[in-house]
Amino acid sequence: MAEENKKIFISDWELKKMVESGQTIPANAIISPLSQEWLDYNSNKKISENVSESELRNQIVNIGIRLYALGFVPATDGNISARLDSDTFLITPSGMPKGNINADDITKMTIDGRVISGKKPSSEYKLHTTIYKEWPCAKEIGRASCRERV
């Protein structure tokens, strides 16, 4: 087999570093399905610091639906949040299956724990507020409660 046709495995971490540094992914690379999905998502998404609240709400809903369908957040387990700015974020509501939420169900709150709008926030909101306070670079947080190990 010619050297240029030899398949090479690129880990998820290596792939992310290659993309972040602007390197081209070799045509003979083998990457995981998760990495391929990440590449597809990021190549079709305009990277912007100014994502609208509406778009973030829809992203949270879509992630919740996918995690629920995959069994990573059974029943009402797990929670998802996304930072809007330095002082506010969106979080999934308490007591609702992530596969059944809609954009209007998402709670908007401050990083100090005050609800601005929406339903009662996830019971884990304090975890999210702590992370957003301690790590200003954090943009999104997801916590799953998968009962079965994969």
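Two strands pair if DSSP finds at least two bridges between them. Strands (E, at least two residues) and helices (H or I, at least four) are DSSP runs, numbered from the N terminus. By that rule, E5 pairs with strand E6 (residues 115-117) through 2 bridges, and the two run antiparallel.

This is a predicted model: local features need pLDDT of at least 70, side-chain atom pairs count only at pLDDT 80 or more, and totals for chains, interfaces and linings use all residues. Residues are numbered from 1 along each chain as its sequence is written, and side-chain values use heavy atoms, with hydrogens and water left out.

**Overview**

The protein has 4 helices and 7 strands. From the N terminus, the order is β-α-β-α-α-β-β-β-β-α-β. Of its 150 residues, 31% count as buried. Buried means under 20% relative accessible area, exposed over 50%, and partly exposed in between (1.4 Å probe, protein chains only). Contact means heavy atoms within 4.5 Å. Among contacts with a separation of 6 or more, 43% link residues 24 or more positions apart.

**Strands E4, E5 and E6**

E4 and E5 are joined by 4 bridges and run antiparallel. Thr 88 stands opposite Thr 110 in E5. On the E6 side, Lys 108 stands opposite Ser 117. E5 and E6 form a hairpin with 4 residues between them. Gly 113, in the turn, has a positive phi of about 95°.

In a regular strand the side chains alternate between the two faces of the sheet. Both faces of E5 are covered. Thr 107 and Met 109 are buried on one side, Lys 108 and Thr 110 on the other.

Two threonines stand out for comparison. The contacts below leave aside neighbours within four places in sequence.

| Residue | Place | Relative accessibility | Contacts include |
|---|---|---|---|
| Thr 92 | loop between E4 and E5 | 0% | Ile 60, Ile 80, Lys 98, Pro 121 |
| Thr 107 | strand E5 (residues 107-110) | 0% | Phe 89, Leu 90, Val 115, Pro 121 |

Thr 107 counts as buried because its relative accessibility is 0%.

**Helix H3 and the cores**

Helix H3 (residues 53-69) has 17 residues. Its expected span is 1.5 Å times one less than its number of residues. That gives 24 Å, and the end C-alpha atoms are 24 Å apart, so the two agree. Leu 56, Arg 57, Gln 59, Ile 60, Val 61 and Gly 64 are buried in H3. Gly 71 follows the helix, with a positive phi near 85°.

A nonpolar core is a set of buried Ala, Val, Leu, Ile, Met, Phe, Trp, Tyr and Cys residues joined through side-chain atoms within 4.5 Å. The largest one has 9 residues: Leu 56, Ile 60, Val 61, Ile 80, Ala 82, Leu 90, Met 96, Ile 101 and Ile 106. H3 and strand E3 (79-83) each supply at least two of them. H3 gives the most, with 3 residues. A second, separate core of 7 residues includes Phe 89, Ile 91, Ile 111 and Ala 138.

Val 61 touches Lys 98, Ile 101, Asn 102, Ala 103 and Ile 106, not counting residues up to four places away in sequence.

**The aromatic pair**

The structure holds 1 aromatic pair. Phe 89 and Tyr 132 form it, tilted, at 5.0 Å centre to centre with 50° between the planes. Rings of Phe, Tyr and Trp (its six-membered ring) pair if their centres lie within 6.5 Å; planes under 30 degrees apart count as stacked, over 60 as edge-to-face and the rest as tilted. Phe 89 lies in strand E4 (residues 88-91) and Tyr 132 in helix H4 (residues 125-134), 43 residues apart. Both are buried.
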